[in-house]
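User: Could you take a close look at one part of this model for me, the open sheet and whatever packs on it? I would like a connected walk through it that I can follow on the screen.

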Amino acid sequence: MKKVLSKFWLLTIMSIWFISCTSDRSNGWYYIADEEKDSISITPIVTVADFETLELDSSVNIQKGDVVYQICGTMNKQASMKWAKATEKQIGKRIGFIYNNEVICDPYVNCRIENGRFAISTNKGYNLPKLYNDLQKELSHQRNSPFFSR
């Protein structure tokens, strides 16, 4: 009986540990620390819920003849203050936009960004028009939630 009970507790503890180690990150912008095994911060700088506007922009790459997309957006006032502090802290370092636990882009920060603007672009072959539509749906869903407040 003692062996069965100790195996039960060991299995329970291992299950709890495994669950706590797997994390789903909220979609949004995160700190990225270079030269660390798990280099993405656990808590986001800002999430999609903090976005005020989103636009899909495009241009034609004349050399390749294909369309290049970029998602441009702004954050609400409160998130813009967090964004300014975070970008100042990360000058010369990277931040990353995470969507569905995947790094979509991870640009280096050149300066403090006070106006709450951001851009999501990638050369990793990610479908940015689809991402734009998904982000719009997420924003719409959150704004229609009874818990949403501006």
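Analyst: Happy to! Please keep in mind that this is a predicted model. A good place to begin is the pairing of strand 4 and strand 7 (residues 117-120), which is antiparallel and runs over four bridges. Two of the residue pairs are handy to find on the screen. Cys-72 has Ala-119 of strand 7 as its bridge partner, and Thr-74 is matched in strand 7 by Arg-117.

Thr-74 is also a useful stepping stone to the next strand, since this residue of strand 4 is the bridge partner of Thr-53 as well. That takes us to strand 3 (residues 51-61), which runs antiparallel to strand 4 (residues 66-75) and is joined to it by ten bridges. If you follow the chain from one of these two strands to the other, you pass through a hairpin with four residues between the strands. Look for Gly-65 in that turn: its phi is positive, at about 75°.

Put these pairings together and you have an open sheet of three strands in the order 3-4-7, with antiparallel pairing. Strand 3 and strand 7 are the edge strands, each pairing on one side only. On average, neighbouring strands of this sheet are turned by 25° against each other, with direction ignored.

Now for the helices. Helix 2 (residues 77-89) lies across strand 4 and strand 7, and its direction makes an angle of about 105° with strand 4. Helix 3 (residues 128-143) lies across strand 3, strand 4 and strand 7, running at about 170° to strand 3.

Let's finish with one residue of that second helix. Gln-136 is part of helix 3. Is Gln-136 buried, partly exposed or exposed? Its relative accessibility is 28%, and because buried means under 20% and exposed means over 50%, Gln-136 counts as partly exposed. The side chain of Gln-136 makes a polar contact with the side chain of Tyr-132, at 2.8 Å. Gln-136 also gives you a link to a distant part of the sequence: Val-48 is 88 residues away along the chain, yet the C-alpha atoms of the two residues are separated by 9.3 Å.

Note on methods:
Residues numbered from 1 in each chain as written. Predicted model: local features only at pLDDT ≥ 70, side-chain atom pairs only at ≥ 80, totals over all residues. Heavy atoms only, no water. Pairing = 2+ DSSP bridges. Axes fitted to C-alpha atoms, helices over the stretch in contact; angles between N-to-C directions. Contact = heavy atoms within 4.5 Å. Buried < 20%, exposed > 50% of the residue type's maximum accessible area, 1.4 Å probe, protein only. Polar contact = N/O pair within 3.5 Å; in protein donor to acceptor, adjacent residues only side chain to side chain.
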